[in-house]
Amino acid sequence: MRVRTVTVFIHTREGDYLSKDEVNSVLLKAKIIIDICRNAIEGENGFEVQTTRVAFSDPSVWLEHWPRHASQDEIPKHNLTAEKELETFSQIPENLKLDLLNLHETLEKTNITFCSLGCIRKPSLQDIRLVPDVLLFSPHFNMSVNIEPMQFLVAEMLAKAVQRVSQESDQGLGNFRLCASACCYNVRTPFFPAAAASMASQHDTKVTFSVGVGLENGGELNDAVTLAKTSQNLSKTLKEIMLPPLECLEARCKGSCERASAQLQGIQVTYAGIDVSFNPSLDDGMHGSVAAALQNLVEVSTITDIGSLSAVASATQALQKLPVQQVGYCGLMLPVCEDHCLAMLASGENFAEVGFNASYSSDSSSAEHHHKTERKTVTHIPPLTLQTLLFLSSVCGVGIDTVPITGDFSPQKLARLYLDVSGLANRWQKPLSCRVFPVPGKQTGQMTTFSSPYLVNTRILPL
């Protein structure tokens, strides 16, 4: 098990913006917290920490010179005026540019590589018009936009922002740092780009801090499935494999938060928890794949076929029962370009082993185990689609992630996908996000040619 991220959340109060000096001070304190936490987690017999990050709340609230525009309630109906608004983007005001430049320079000085500006919780069209230029102002910046059900114009404006980011960034990968989100802004997921600090209470000091941890644990899921063989046994084997390291990690995190509070003298630093989501690893090949792990269950042929929904639900329920303080998505991540098995399925290949034999007990609690032998045969492999991923998200999380689509996509179609994700998230009050990669110059069915070490290439999926 690795720690994918240690994320320090920077909580500000509703209505309070931060001056440049306050931003500098806050980031210096965040860096102290990061160093204390990292040293504790990586200490003797500890865990590898891959990245450290900071996340603010809502850029339209805490950035001093973010233009305060109309609220969602004042968004115009879908008429000609609204259509014209969707065709234009705002240039960053000069005073906001200075805010962003100061933030970028302070991130450089403090050696903080990843910074979420937060989630725009109640976006107006004017807010979203700023998104492309703000996001691309610095390679350190990440952000998300909350999409409410039935807000089609907001969803369409964000889709157009995503389109512009793809056109103005190398291989379209500026969108690695941008997503639509729903029901995410108060859950404090440490994973980017949806990471955002919740708003501080008016009874708190102007700025408070908390620490959340995200994992890379596809290998642990594979090990648990190998022992369990069926979903019925998965809760037991997951607890055996994952709980001891999680308890150790939690103890280190809690202790480091206490030390950080003491060192910062009067500054509140709380432990938010661990986002225990199953998260694949590219380094470990198929052993690190979450999708491949689930396909090793007896009752699953491929992650795209019938039987997979039940397996995903069982794995998620088993994960959420682990007795540690949990935060964020706490689901099962199926990022197409970050999971070897999913990338193969999207390319039309299959990892499920035809003729796989698995011996398992139909009643693991029985004194006498009556072993059966299942022969897994795959005669037809249903394609991996956006609908399949959304279907599976209904019982787990995290939504639609790292999905490559054609560069000349229809913003209206992407807006409808955002609304589907939002509708699902809000119906069940669960955090979901949607991050797609429009690839300039590529059409549906063609292979991506990403050069990033953090992504695996696959075929462009139809939207």
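How much area does the protein expose, and what share of it do carbon and sulfur atoms supply? I looked this up to start: the protein exposes about 18200 Å², and carbon and sulfur atoms supply 49% of it. Accessible areas come from the Shrake-Rupley method with a 1.4 Å probe, and for residues only the protein chains shown count as cover.

**Ground rules.** I am working with a predicted model, where local features need pLDDT of at least 70, side-chain atom pairs count only at pLDDT 80 or more, and totals for chains, interfaces and linings use all residues. Residues are numbered from 1 along each chain as its sequence is written, and side-chain values use heavy atoms, with hydrogens and water left out.

**Overview.** I noted 13 helices and 11 strands in the protein; these are DSSP runs numbered from the N terminus, helices being H or I with at least four residues and strands E with at least two. Of the 463 residues, 60% are buried, meaning under 20% relative accessible area with a 1.4 Å probe and protein chains only.

**The sheet.** Next I followed the strands. Nine of them form an open, mixed sheet in the order S7-S6-S1-S2-S3-S4-S5-S11-S10; two strands pair if DSSP finds at least two bridges between them. S7 (269–275) and S10 (399–406) each have a single partner strand, so one side of each has no neighbour in the sheet. On average, neighbouring strands here are turned by 25 degrees against each other, direction ignored. I also checked S2 (residues 49–55) and S3 (residues 114–120): they run parallel and are joined by three bridges, and Ala55 stands opposite Ser116 in S3.

**Asn142.** Is this residue of strand S4 (residues 141–146) buried or exposed? I found Asn142 buried, with a relative accessible area of 5%. Leaving aside neighbours within four places in sequence, Asn142 is in contact (heavy atoms within 4.5 Å) with residues including Ser116, Gly118, Arg177 and Phe192. Gly118 is 24 residues from Asn142 in sequence, and their C-alpha atoms are 7.6 Å apart.

**Cavities.** Last, I looked for enclosed space. There are four cavities of 30 Å³ or more; a cavity is a set of points on a 1 Å grid over the protein atoms alone where a 1.4 Å probe fits but cannot get out, and lining residues have an atom within 4 Å of a point. The second largest cavity has a volume of about 50 Å³, the space filled by probe spheres set on the points, which are joined across faces, edges and corners. Trp62 and Asp99 are among the residues that line the second largest cavity. Helix H4 gives the most to that lining, with three residues.

Definitions and conventions:
Axes are lines fitted to C-alpha atoms, for helices over the stretch in contact, and angles run from 0 to 180 degrees between N-to-C directions. Buried means under 20% relative accessible area, exposed over 50%, partly exposed in between (1.4 Å probe, protein chains only). On a 1 Å grid over the protein atoms alone, a cavity is a set of points where a 1.4 Å probe fits but cannot get out, and a pocket is an open set with protein on both sides within 12 Å along at least five of seven lines; lining residues have an atom within 4 Å of a point.
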